[in-house]
Amino acid sequence: MSNPFLKQVFNKDKTFRPKRKFEPGTQRFELHKKAQASLNAGLDLKLAVQLPAGEELNDWVAVHVVDFFNRVNLIYGTISDGCTERSCPIMSGGPKYEYRWQDEHKFRRPTALSAPRYMDLLMDWIEVQINNEDVFPTNVGTPFPKNFLQVVKKILSRLFRVFVHVYIHHFDRIAQLGSEAHVNTCYKHFYYFVTEFGLIDTKELEPLKEMTARMCH
């Protein structure tokens with residue numbers, strides 16, 4: 001395994017959270033395969049994210065949210081040794097953007113945290129959402145909750161903040177690992193998907209606006 005990016009990924013026990021699996025034979029598994037196949041075939045990412053004819057939007061979104069969670073988790077895992085309480089005492093995206101953590105349990109009010117602490121809470125929180133059958137049902141025929149897209153918007157907005165932090169504060173590490181192209185592809189895929197379905201407020205996209213304009217238009 002000569003690729004330093006992959007070495008880094010497989011050596012980081014931090015990145016190994018249980019992946020949400022799609023059971024073979026299920027509709028979601030077939031959709032996942034369809035999405036992967038179009039990426040592997042080198043299909044234009046802007047086209048690859050479009051809803052296939054005859055498919056349900058919620059199913060398509062669910063498959064992508066799980067996939068993005070796994071990918072972003074791996075990307076952060078590769079630079080996490082350089083993202084510490086000391087190097088990143090505040091979860092931010094440059095001097096203009098600070099992200100505060102809020103949840104239904106310990107942090108009822110938006111709270112300033114270090115980037116590694118924020119990332120840990122974020123990944124745990126998303127994992128709970130995507131493994132909750134009431135939010136992400138795995139059985140075909142079980143309806144999605146009425147607020148499904150609202151939950152998804154929150155997940156994707158928070159995942160976007162990981163890209164912001166990684167690009168602005170740790171891009172030298174990404175470049176050093178030779179994984180710039182891989183991370184850029186993941187970002188473009190994510191960006192095209194959320195904009196195709198209006199799943200992120202424009203103001204959330206602001207910190208990477210200039211980079212996105214160069215990369216995605």
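**Exercise 1.** In this predicted model, determine in which helix H165 lies, whether H165 is buried or exposed, and which residues H165 is in contact with beyond its neighbours within four places in sequence.

*Solution.*
Step 1. H165 belongs to helix 6.
Step 2. Its relative accessibility is 0%, and a residue under 20% is classed as buried, so H165 counts as buried.
Step 3. Once neighbours within four places in sequence are set aside, the contacts of H165 are C83, C88, M91, S92, A115, M119 and H170.

**Exercise 2.** Establish which residues carry the UniProt feature "binding site", and characterise the surroundings of H170.

*Solution.*
Step 1. The unreviewed UniProt entry assigns this feature to C83, C88, H165 and H170.
Step 2. Although these positions span 88 residues in sequence, no two of their C-alpha atoms are more than 10.1 Å apart, so they gather at one spot.
Step 3. H170 is found in the loop between helix 6 and helix 7, and at 5% relative accessibility H170 is buried.
Step 4. Leaving aside neighbours within four places in sequence, H170 is in contact with I79, G82, C83, C88 and H165.

**Exercise 3.** Identify the nearest side chain of opposite charge to R158 and list the contacts of R158 outside its neighbours within four places in sequence.

*Solution.*
Step 1. R158 is placed in helix 6, which comprises residues 148–169.
Step 2. R158 is buried, and the nearest side chain of opposite charge is that of E104, 6.1 Å away.
Step 3. A salt bridge requires a nitrogen–oxygen pair within 4 Å; R158 has no salt bridge.
Step 4. Apart from neighbours within four places in sequence, R158 is in contact with W101, Q102, Y118, L122 and W125.

**Exercise 4.** State how many salt bridges the model contains, and analyse the pairs E204 with R161, R173 with D81, and E98 with R100.

*Solution.*
Step 1. The count is six salt bridges.
Step 2. In the pair of E204 and R161, the closest N and O atoms are 2.7 Å apart. This pair links distant parts of the chain, with E204 in helix 9 and R161 in helix 6, 43 residues apart. E204 is buried at 15% relative accessibility, and R161 is likewise buried at 16%.
Step 3. R173 and D81 meet in a salt bridge with an N to O distance of 3.6 Å. Here R173 in helix 7 is joined to D81 in the loop between helix 4 and strand 1, 92 residues apart. D81 is partly exposed, with a relative accessible area of 41%.
Step 4. E98 and R100 form a salt bridge at 3.0 Å, N to O. E98 is partly exposed at 38%, and R100 is partly exposed at 44%.

Note on methods: Residues numbered from 1 in each chain as written. Predicted model: local features only at pLDDT ≥ 70, side-chain atom pairs only at ≥ 80, totals over all residues. Heavy atoms only, no water. Helix = DSSP H or I, 4+ residues; strand = E, 2+ residues; numbered from the N terminus. Buried < 20%, exposed > 50% of the residue type's maximum accessible area, 1.4 Å probe, protein only. Lys, Arg positive; Asp, Glu negative; His and termini not counted. Contact = heavy atoms within 4.5 Å. UniProt positions renumbered as here; feature names shortened; annotations may be inferred.
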